[in-house]
Amino acid sequence: MAHAHHEHTGIALSDAARVTLESKGEQWTDLRAQIFGVLAGFDKPASAYDIAEGVSAAAGRRIAPNTVYRILDLFVASNLARRVESANAYVANAHPDCLHDCIFLVCDNCGQTTHIDDDKITSTVRKAAVATGFLPVRPVIEVRGTCAECDGAGVTAQ
């Protein structure tokens with residue numbers, strides 16, 4: 001049971017991120033736009049250091065990773081980005097206007113991370129937590145393994 005939503009790309013993704021952030025009473029500053037643009041440009045989860053390096057190169061001045069971390073925290077809290085906990089890295093949320101729990105499939109070989117939505121699974125996880133008296137705020141489900149491309153290439157985890 002997949003969650004239905006519209007996935008944005010390119011300029012439409014930046015526009016959706018801006019609208020979502022502004023709807024939460026936050027400003028879409030030039031630096032926030034630059035950080036989001038660099039994050040969205042990665043095809044794998046990116047660390048704050050990777051993003052700081054990309055923004056610094058584009059801006060022609062050094063942007064400190066701690067500045068990037070603060071903005072990434074805002075992006076995660078505002079649903080513009082998701083944190084891949086096991087990699088301490090981030091991915092742009094292709095549907096920031098839709099709040100739901102995510103499941104990440106993380107390849108141990110190449111680092112490629114695929115985001116899938118399955119409301120039945122995440123609902124079951126939330127219900128199991130509540131049944132124990134635990135109040136879930138943000139379930140993080142990550143499955144580590146080998147992606148189809150690495151598996152097909154005969155690559156194995158180190």
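Arg82, Arg83, Cys102, Phe104, Arg138, Pro139, Val140 and Ile141 form the lining of the largest cavity in this predicted model. The space within that cavity amounts to about 60 Å³, and the count of cavities of 30 Å³ or more is 1. By class, the cavity lining comprises 5 nonpolar and 3 charged residues, with no polar residue.

Open pockets were examined in addition to the enclosed space. The largest pocket has a volume of about 380 Å³. A set of 20 residues lines the largest pocket, and those nearest its centre are Phe42, Val91, Ala92, Ala94 and Thr113. Helix H2 (30–41) contributes at least two residues to this lining, as do strand E2 (89–92) and strand E4 (113–116). Nonpolar residues number 10 in the lining of the largest pocket, alongside 6 polar and 4 charged residues.

The second largest pocket encloses about 190 Å³ of space. Its lining consists of 13 residues, among which Val76, Asn79, Arg82, Leu99 and Arg138 lie nearest the centre. Two or more residues of this lining come from each of helix H4 (65–77) and strand E1 (81–84). The lining of the second largest pocket divides into 5 nonpolar, 3 polar and 5 charged residues. Arg82 and Arg138, listed among the residues nearest the centre of the second largest pocket, also belong to the lining of the largest cavity.

How values were computed. Residues are numbered from 1 along each chain as its sequence is written. This is a predicted model: local features need pLDDT of at least 70, side-chain atom pairs count only at pLDDT 80 or more; totals for chains, interfaces and linings use all residues. Side-chain values use heavy atoms; hydrogens and water are left out. On a 1 Å grid over the protein atoms alone, a cavity is a set of points where a 1.4 Å probe fits but cannot get out, and a pocket is an open set with protein on both sides within 12 Å along at least five of seven lines; lining residues have an atom within 4 Å of a point. Grid points are joined across faces, edges and corners, and a volume is the space filled by probe spheres set on the points. Ala, Val, Leu, Ile, Met, Phe, Trp, Tyr, Cys and Pro count as nonpolar, Asp, Glu, Lys and Arg as charged, and the others, Gly among them, as polar. Helices (H or I, at least four residues) and strands (E, at least two) are DSSP runs, numbered from the N terminus.
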